[in-house]
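Reader: I'm new to reading protein models, and I'd like to zoom in on one small spot before anything else. Could you take me through it slowly and then show me what else is around?

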Amino acid sequence: MNTIAPMLERSAHFCRILLAESYTEFLKCLRTPAFASAILGFPVIIYLFCGLVIDWGETIERSHQFWIIATSSIGAIGTGLFGFGVYVANERGQGWLLLKRVSPMPIFVYFLAKALMAVAFSILISCIILAIGHAFVVVQLSLVQSALLVVVVSLSTIPYCMIGLLCGFMAGPNTAHAYVNILYLPLLLLGGIIIPFDILPQFVQSIAIFTPVFHSSQLAFKLIDTSFGYPTILHLLVLCAYSIICVCLASFFYAREKARTFG
Amino acid sequence: MNVEIVVDATNVAKSYNDITALTDLSLRVTRGQRCVLLGPNGAGKSTLLNLVLGVLRLDQGSLKVFGKKTGHISVRRRTGAMLQISGIPSSLTVQEHLRLFRTYYENPLSTDKLVRTAKLEGLERRTFGSLSGGQQQRLNFALALCGNPMLLILDEPSTSHDVEARMALWDEIDQFMGTERTLMLATHNLEEAERLGDRILIFHEGRVIADASPEKLRSMIGTTEISAQTNVNVEVFKRNQHVKRIEHVDRHLKLYVTAAESAVSQLLQLDPDLKNLAVKPASLLDAYLHLLSPAGTDEHHRTNA
């Protein structure tokens with residue numbers, strides 16, 4: 001009893017910090033026009049253009065489903081890389097991370113809250129896209145497929161957060177945005193979510209299967225039975241491996257900086 | 001009576017690659033002391049504050065805060081910090097920032113008290129980005145106070161303040177400190193140092209070259225400054241035991257003395273026609289400049305508070 005009460009108190013305190021931190025992160029991003037318009041706007045605009053405006057002829061049913069999934073995946077990649085990685089890098093450069101470090105908040109809560117914010121934005125993006133799809137298109141995803149898409153998209157945001165985190169700590173605060181931009185477009189192209197995977201040259205395909213985008217998009221495409229049929233566990237393992245490697249490398253860069261300078 | 005030691009540093013050293021930031025620093029700060037760290041840029045002031053805050057790692061020596069290793073959670077709960085750059089997000093309101101920081105502490109000060117203490121009344125709903133430079137610094141100060149800290153660390157708190165705002169901030173700091181809290185403040189502003197500090201440490205090239213109360217520091221170069229325009233031969237003053245320092249450039253003579261009356265009468269005897277005679281107490285600036293001059297650093301004054 002004596003040990004449980006303080007533990008519960010500590011947990012409650014920790015949850016309060018996490019809640020406040022996540023809420024603040026969400027508000028902060030929502031109120032930053034550059035973030036809200038780029039991260040929310042980009043996938044939605046692609047969906048409006050490719051999913052609704054373009055007439056895909058006989059393949060219209062499959063195309064609508066494809067673009068819902070593809071643009072939701074783009075949203076997850078964007079929020080993870082930009083909303084998490086670039087933000088961490090910027091706040092590190094501006095001293096906000098340092099102020100957090102000298103306060104008694106556990107620093108991992110800061111990162112956890114940012115990851116939750118990225119997941120929340122991914123969910124928001126896929127919900128907007130699904131809502132547009134349901135409102136304007138006759139043929140769309142079923143309710144179960146839509147719910148599963150939201151789950152897959154929210155989970156696949158995490159590896160991109162970790163990749164973003166690595167970019168944020170590897171690059172200087174002012175160069176993280178450039179690093180992430182360099183990474184962003186190739187990832188989209190290699191993952192088969194802007195250009196269909198099977199029209200990519202063979203050698204590009206052989207590289208692409210090692211990218212996280214290929215695996216996260218394959219998980220999503222499984223919902224409409226257009227994946228290449230690799231086992232789900234393989235995709236999950238690859239995404240987990242990416243996350244773990246990126247976290248380890250980011251921790252290394254963070255520790256190196258902490259030892260050296262003001263971080 | 002046991003005096004609580006808040007900061008206990010022994011032979012602390014810190015370098016950044018090949019640059020030595022601090023060398024062999026030993027320091028004890030007790031509860032209720034208000035320590036001001038003075039010195040030129042790169043002298044080691046901010047490095048010491050960052051070591052105390054636990055955001056930098058020591059290369060050598062030992063450093064304890066409230067008897068614990070720096071950066072320990074119990075230390076962070078009792079310490080408030082206002083850093084030179086804090087990158088406070090501009091899109092959140094004053095109230096949102098305070099609400100967020102209050103959650104970090106188990107027994108935080110109330111939002112009302114923070115707003116009153118940092119004179120942020122009426123600004124609660126304004127975003128950080130819409131505040132003036134002085135108001136932003138006051139929010140920064142309020143964030144440092146959220147946990148009702150017993151050790152307050154301020155790194156150049158009044159930079160970017162106009163005169164009124166600076167004086168208001170000093171009052172706010174002064175009121176908050178009371179007699180039980182400990183202050184460590186780094187500044188370039190000597191008026192701020194005199195106003196807020198009861199112990200002044202002067203840093204030079206990573207070392208503490210003076211550690212004393214403001215009064216004691218002033219007395220190091222004499223308590224009074226006598227200035228005049230005269231052609232008198234200054235050699236005679238070198239034999240006067242009350243004269244601590246002499247500056248004579250062209251016809252401008254400055255004497256720093258411990259007994260003004262005897263020096264003034266001696267000066268008038270030697271040159272009854274002297275001009276622009278002025279007598280004023282020696283300032284901290286005089287002491288500071290003297291200590292940082294080549295002659296001063298050679299003497300390497302080190303007295304205890």
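Let's pick B:Asn276: is it buried or exposed, and how many other C-beta atoms lie within 10 Å?

Author: Good spot to pick. Keep in mind that this is a predicted model. B:Asn276 is exposed, because 10 other C-beta atoms lie within 10 Å, and the cut-off for "exposed" is 12 or fewer. You'll find B:Asn276 in strand E14 of chain B, which covers residues 275–281. Its backbone is worth a look too: phi of B:Asn276 is near 50 degrees, a positive value in a residue other than glycine.

Now swing over to another asparagine, B:Asn148. Phi of B:Asn148 is also positive and near 50 degrees, again in a residue other than glycine. B:Asn148 sits in a loop of chain B, between helix H5 (133–145) and strand E7 (151–155). What about its surroundings? B:Asn148 has 17 C-beta neighbours inside 10 Å, so it counts as partly exposed.

For a contrast, try helix H1 of chain B, residues 45–53. This one is mostly covered: nine of its nine residues are buried. Among those buried residues are B:Lys45, B:Ser46 and B:Thr47, and also B:Leu51, B:Val52 and B:Leu53. Right after H1(B) comes B:Gly54, and its phi is positive as well, near 80 degrees.

You can get to H1(B) from another direction, by way of B:Ala21. That residue belongs to strand E2 of chain B, residues 19–30. B:Ala21 counts as buried because it has 23 C-beta neighbours inside 10 Å, and 20 or more is what it takes. Set aside the neighbours within four places in sequence, and B:Ala21 is in contact with B:Lys14, B:Ser15, B:Tyr16, B:Gly44, B:Thr47 and B:Gly206. Try picking out B:Lys45 as well: the C-alpha atoms of B:Ala21 and B:Lys45 are separated by 8.8 Å, with their positions 24 residues apart along the chain.

Okay, zoom out to chain B as a whole. Chain B has twelve helices and 14 strands. Its C-alpha trace spans about 70 × 45 × 45 Å along the principal axes. Of its 305 residues, 44% count as buried. Here's something about how the chain folds back on itself: take the contacts in chain B between residues at least 6 apart in sequence, and 69% of them join residues at least 24 apart. Chain B is also split into domain 1 (5–213) and domain 2 (222–281), and the C-alpha centres of those two domains lie 41 Å apart.

Chain B has company, of course. In all, 25 residues of chain A are in contact with 26 residues of chain B. On the chain A side, the elements giving two or more residues are helix H1 (4–30), helix H3 (60–94) and helix H4 (96–102). H1(A) supplies the largest share, eight residues. By class, the chain A side that touches chain B has eleven nonpolar, eight polar and six charged residues.

Let's stay with H1(A) and see how it meets chain B. A quick bit of vocabulary: two packed helices are described by the angle between their axes and the distance between the axes. H1(A) packs with helix H3 of chain B (residues 94–102) at about 155 degrees, with their axes 9 Å apart. H1(A) and H3(B) are therefore roughly antiparallel to each other, and the crossing is left-handed. From H1(A) come A:Ala20, A:Glu21, A:Thr24 and A:Leu27, which meet B:Glu96, B:Arg99 and B:Leu100 in H3(B). By class, that contact has three nonpolar, one polar and three charged residues.

One last stop, inside chain A. Helix H6 (residues 143–170) and helix H7 (residues 176–190) of chain A have axes that come within 8 Å and cross at roughly 140 degrees. H6(A) and H7(A) are therefore oblique to each other, and H6(A) passes H7(A) in a right-handed crossing. Here A:Gly164, A:Cys167 and A:Gly168 in H6(A) meet A:Ala176, A:Tyr179, A:Val180 and A:Leu183 in H7(A). The class tally for this contact is five nonpolar, two polar and no charged residues.

Key: Residues numbered from 1 in each chain as written. Chains lettered and ligands numbered in written order. Predicted model: local features only at pLDDT ≥ 70, side-chain atom pairs only at ≥ 80, totals over all residues. Contact = placed C-beta atoms within 7 Å. Helix = DSSP H or I, 4+ residues; strand = E, 2+ residues; numbered from the N terminus. Nonpolar A, V, L, I, M, F, W, Y, C, P; charged D, E, K, R; others polar. Axes fitted to C-alpha atoms, helices over the stretch in contact; angles between N-to-C directions. Parallel < 35°, antiparallel > 145°, perpendicular 65-115°, else oblique. Left-handed = near helix turned anticlockwise from the far one by under 90°. Domains from an automatic or database assignment.
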